[in-house]
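Subject: Structure handover

Hello,

I am passing this structure on to you, with notes on what was found in it. Please read them with the coordinates open.

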Amino acid sequence: MSSSKKNIAFANNVVIAHRGAWKTNQLPQNSIAALKKAIQLGCTGSEFDVRITKDSVLVVTHDKEYNSLVIEESTYAELSKFKLSNGETLPTLKNYISAGIKNNDSTGLVCELKPAKTKEKNLLIAEQTIKLVKELKAENHILSYISFSYSILKKIKELDPNAKTQYLDGSKSPSQLKEDGISGLDYLVYKYKIHPEWISSAKENNLKLNAWVANKDHDINWLLANNFDYITTDEPELTFKKIKESPTNKGYQLVWSDEFNYKGKPDSTKWAHDYGFLSNREKQYYTDSLKNVRVDNGHLIIEAHKEKIANKDFNNPEIKKKSWIKYITEIDTAQYTSARLNTKGLASWKYGRIEVKAKLPKGVGLWPAIWMLGNNRKEVGWPECGEIDIMEHVGFNPDSIFGTIHTKAFNHLKGTQRGKKIFIDKPYNKFHVFAIEWTPEKIDFILDGVVYNHIENEHKTTAEWPFDQEFYLILNVSVGGMLGGRKGIDDSVFPQQMLIDYVRIFQKK
C-alpha cells in the first residue's frame, strides 16, 4: 500500500474533476476509472461522494438510492450485487482511496461527505472516514473534506485539526466560516455572483475559494479572472483549455470589472452618463433614462430609439446646466435617443488588458463603440489626449469591426488614423469578446482571441504616442454621424440594443 506520509505536491492548476473525469470518456460517475482518468489528466483534485450503508460500510456514490435500493437502509452485500455501467463493483471508500493514492502524488482527493438522516449517522460518517484515512496513511492525499452538513465539517476538524474543510451550502459568509474554523467556501457559481463581496472577503480571511459546478465557458472564464483557488467541473478538459486562453495565464490580474449581476440603473460607483448632443454630427440625444440604458438579466443594455424625447428623461444636473434656449432647441431637434456611459473620474488605467464581451445592434445608421480617451482631454483637447477605439461597428458594414488609434499625428480629420478591420461572424446573434492588450511598447487589438491590429510605440513624441498615461472607458450606441451615417439611417430597425455581458480590466503587477 502506498503511504502518503511523504509530502504530496498537488498539481499546479485549479481543476477539480467533479465525481472524477467521467464525461468525455462516458465513464460512470464516482467510479475508480473516472478517478484514475482525473489523475491521468493531471487535475489538482478529484471529487467524490461518500454515503453510509445500513451495516455502516462507507461507499462512494452520489444519490440516496442505488439501483432502487435506499443506501442507508441496505447492506453493502445487497448493494454490491449491482455493477456500475463499466462493470466495476460499487466502490467502498476504502477501495476508492486505496486506488486514489496508488502511483499518485499530484491529484488530491476531495471527499464529499453526504449528510445522513440523523445527526448520529452524520457523526459516524465523519468518525469512520477520518479513521479510515488514517489507517490507509492517506492524510496528505486528501485535498479537502466538503459537505452540506456543518456538523460533519466541525466533527472532521475536531478529529483532525489539520484537515482542510469546505462548506457547500452557500448560506454562510466567509467571516462566519473563518470564525468556525472552516477552511474554505465551495459554493455554486451563482452564489458568488450574487455575493461578489464574498470573493474578496474570502481572500482577506485566507479561505480557499472553490466553485461548483462550472461547465460553461463564461463561468469558467469568470472564475479564472477572479483567481479562484479551485474550479469544480464536469468538463476538466475544457477547463484546462480555458486556463491556457485566460489573461491570468499571461500574468494578468483582474483589477476592475462589472459583471452586471444586478438590475436597474448602471452602478453609479463605476459608471457616469453623458448627456445631449455631443460630437461627430451624430443624431442621437444621450440620456440616462432606463429606456435607453439599464441592467437586466445579467447584461448592460444600451438601447437606441427613434423617438421625440420627453422632459422626464432629463431630470439631471448636466441638462440643467444648459441654457434654456439651447435646451428647448435640442428637445425640438432630437429625433433619436440613446446612451453613452463612461468611467471618467471613477476609474482609469494605464496599460493592461481591456476586455468587453458584447452583442451588437443591427441596422444601417447604427454606430456602436467601445473606446477610451486620455484623462488629460480637458487640459490638452482631442486628439492630443489620444483615443483608443477598442471596437467600432457601422451598420452599413455588417460583417466587420474596426480597431483604431487617434492621436495628434494620426487622426480621422487628417485621414491618418491607424486602424484595421476584421471579419466578425454573426455580430447581432452572438456575443464576442473585444479587447486590447496595451503595454508601453504596443497596443494589440483583439477579437475573440485573435490579434488583428498591432500598433507599436515608435518612441517619437506624444503626437504619435500619447498612451503613457491613464485612459478612461466609454460605451455607447450612436445613430448617424460622420461615420455611422454615411449611408443614411434605416428608421425601420429601431429600437436596437447593444448587450454587454461584462467589462473586465486586467493589469500586470
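To begin inside the protein, F467 has a relative accessible area of 0% and is therefore buried. F471 also counts as buried, with its relative accessibility at 0%. Please keep in mind throughout that this is a predicted model.

Aromatic pairs

The count of aromatic pairs comes to 18. One of them joins W222 and F228: the ring centres are 6.1 Å apart and the planes stand at 45°, so this pair is tilted. The F467 and F471 rings also form a tilted pair, because their planes are at 40°, with 5.6 Å between the centres. An angle under 30 degrees would have made a pair stacked, and one over 60 edge-to-face.

W222 is buried, at a relative accessible area of 3%, and F228 is buried too, with a relative accessibility of 3%. Both residues belong to a cluster linked by ring pairs, which contains Y150, Y167, Y187, Y192, W198, W222 and F228.

Cavity

How many cavities of 30 Å³ or more does the structure hold? There is one. The largest cavity encloses about 40 Å³ of space. Its lining is made up of I405, F410, R418, I455, E456, N457, E458, E464 and W465. Sorted by class, four of the lining residues are nonpolar, one is polar and four are charged. The charged ones are R418, E456, E458 and E464, while N457 is the polar one.

Q507

Q507 is part of strand 28, which covers residues 496–507. Is Q507 buried or exposed? Its relative accessible area is 18%, and the limit for buried is under 20%, so Q507 is buried.

Setting aside residues up to four places away in sequence, Q507 touches two stretches of the chain that are listed here together: G251, Y252, Q253 and V255, and then W349, K350, Y351 and G352. With Y351 there is also a polar contact, in which a polar side-chain atom of Q507 lies 3.0 Å from the backbone oxygen of Y351. W256 is 251 residues from Q507 in sequence, yet the two C-alpha atoms are 9.3 Å apart in space.

Y76

Y76 lies in helix 2, which runs over residues 76–79. Its relative accessibility is 17%, so Y76 counts as buried. Which residues does Y76 contact, leaving aside its neighbours within four places in sequence? They are T53, D55, V57 and V59, together with T89, L90 and T92. For T92, which is 16 residues from Y76 along the chain, the C-alpha separation is 8.7 Å.

T287

Where is T287 found? T287 sits in the loop between strand 14 (284–286) and strand 15 (293–296). Although it is a loop residue, T287 is buried, with a relative accessible area of 0%. The side chain of T287 makes a polar contact with the backbone nitrogen of S289, at 3.0 Å.

That covers what I have on the aromatic pairs, the cavity and the three single residues.

Regards

Definitions and conventions. Residues numbered from 1 in each chain as written. Predicted model: local features only at pLDDT ≥ 70, side-chain atom pairs only at ≥ 80, totals over all residues. Heavy atoms only, no water. Helix = DSSP H or I, 4+ residues; strand = E, 2+ residues; numbered from the N terminus. Buried < 20%, exposed > 50% of the residue type's maximum accessible area, 1.4 Å probe, protein only. Contact = heavy atoms within 4.5 Å. Polar contact = N/O pair within 3.5 Å; in protein donor to acceptor, adjacent residues only side chain to side chain. 1 Å grid on protein atoms, 1.4 Å probe; cavity = no way out; pocket = protein on both sides within 12 Å on 5 of 7 lines; lining within 4 Å. Points joined across faces, edges and corners; volume = space filled by probe spheres on them. Phe/Tyr/Trp six-rings, centres within 6.5 Å; stacked < 30°, edge-to-face > 60°.
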